[in-house]
Amino acid sequence: MTTLAPTLYARTFPRVASWLRDLILIVISALLVGIFAQVKIPLPFTPVPLTGQTFAVLLVAAALGSKRGAASMAFYVALGAIGLPIFAGGASGMAYFSGATLGYLIGFVLAAFVVGLLAERGLERSVRTSIIPFLVGTVIIYACGVLWLALILDSVGKALAAGFVPFMIGDVIKLIAAALALPAAWRLAK
């Protein structure tokens with residue numbers, strides 16, 4: 001089964017070579033996550049800001065599939081590493097990788113692969129099942145992010161308090177929005 005973005009792209013531009021289509025989708029999706037990352041709300045009680053990144057990661061992964069989704073997130077991380085102001089609030093550079101958000105960035109790549117894999121099985125096409133890939137992706141992002149934070153803060157309790165609890169309500173909203181958006185997009189694509 002295919003995912004949304006390649007399906008729409010192939011219909012719209014049928015003569016474009018598949019490798020070029022994939023490259024364009026990967027680049028555009030990485031930049032889209034970068035745009036959503038600029039929606040940054042610093043929280044005074046945690047070193048991790050509230051951003052639109054996780055929402056964009058989930059949508060990109062479900063729309064692109066496992067390999068393209070993971071490649072897009074790896075490209076996103078690479079763009080930030082080389083200095084493009086693409087991370088939350090325009091941050092970038094290798095110094096960013098020693099901070100509190102490295103685990104989340106790693107989680108983006110892993111979650112994109114898994115969410116994409118679940119989307120390739122058609123789980124994002126129905127409102128009834130679409131919450132599953134997005135919930136799994138969110139759990140992966142938090143597992144990586146909180147684990148890294150626990151190493152930095154030397155405490156699992158502090159890591160959960162700073163890197164998970166403050167974001168639960170926002171991420172439930174993002175999960176519901178993503179779970180409604182992809183099935184709606186599939187209905188429009190038919």
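A residue is taken as buried when its relative accessible area is under 20%. In this predicted model, Lys174 and Asp171 are both buried by that criterion. The two residues form a salt bridge in which the closest N and O atoms are 3.4 Å apart. Both belong to helix H8, where they are separated by 3 residues, about one turn of the helix.

The salt bridges number 3 in total. Apart from the pair in H8, Asp22 is bridged by Arg21, with 3.5 Å between the closest N and O atoms, and by Arg68, with a corresponding separation of 2.7 Å. The pair of Arg68 and Asp22 connects distant parts of the chain, since Arg68 is in helix H4 (residues 66–81) and Asp22 is in helix H2, 46 residues apart. Arg21, Asp22 and Arg68 are thereby linked in a network of salt bridges. Arg21 has a relative accessible area of 15% and counts as buried because this value is under 20%.

Helix H2 (18–37) also contributes to the lining of the largest pocket, as do helix H1 (4–12), helix H3 (53–64) and H8, each with at least two residues. The volume of the largest pocket is about 200 Å³. Its lining comprises 13 residues, and those nearest the centre are Ser29, Leu32, Leu59, Val60 and Ala63. By residue class, the lining of the largest pocket consists of 12 nonpolar residues and 1 polar residue, with no charged residue.

H8 (168–189) takes part in a further feature, a nonpolar patch to which this helix and H6 (127–153) each supply at least two residues. The patch lies on the surface and is formed by Val127, Ile131, Ile132, Leu135, Val136, Val139, Val172, Ile176 and Leu180, which together have about 700 Å² of accessible area. H6 makes the greatest contribution, with 6 residues. One of the patch residues, Ile131, is located in helix H6. Ile131 has a relative accessible area of 31% and is partly exposed. This value meets the requirement for patch membership, because the cut-off is set at over 30%.

The loop between H6 and helix H7 (156–163) contains Asp154. The phi angle of Asp154 is near 60°, a positive value in a residue other than glycine. Most residues other than glycine have a negative phi. Asp154 has a relative accessibility of 71% and is classed as exposed, because the threshold for that class is over 50%.

Conventions:
Residues numbered from 1 in each chain as written. Predicted model: local features only at pLDDT ≥ 70, side-chain atom pairs only at ≥ 80, totals over all residues. Heavy atoms only, no water. Patch = residues over 30% accessible without salt bridge, like charges linked within 9 Å, V, L, I, M, F, W, Y side chains within 5 Å. Areas by Shrake-Rupley, 256 points an atom, 1.4 Å probe, with all protein chains shown as cover. Salt bridge = Lys/Arg side-chain N within 4 Å of Asp/Glu carboxyl O. Helix = DSSP H or I, 4+ residues; strand = E, 2+ residues; numbered from the N terminus. Buried < 20%, exposed > 50% of the residue type's maximum accessible area, 1.4 Å probe, protein only. 1 Å grid on protein atoms, 1.4 Å probe; cavity = no way out; pocket = protein on both sides within 12 Å on 5 of 7 lines; lining within 4 Å. Points joined across faces, edges and corners; volume = space filled by probe spheres on them. Nonpolar A, V, L, I, M, F, W, Y, C, P; charged D, E, K, R; others polar.
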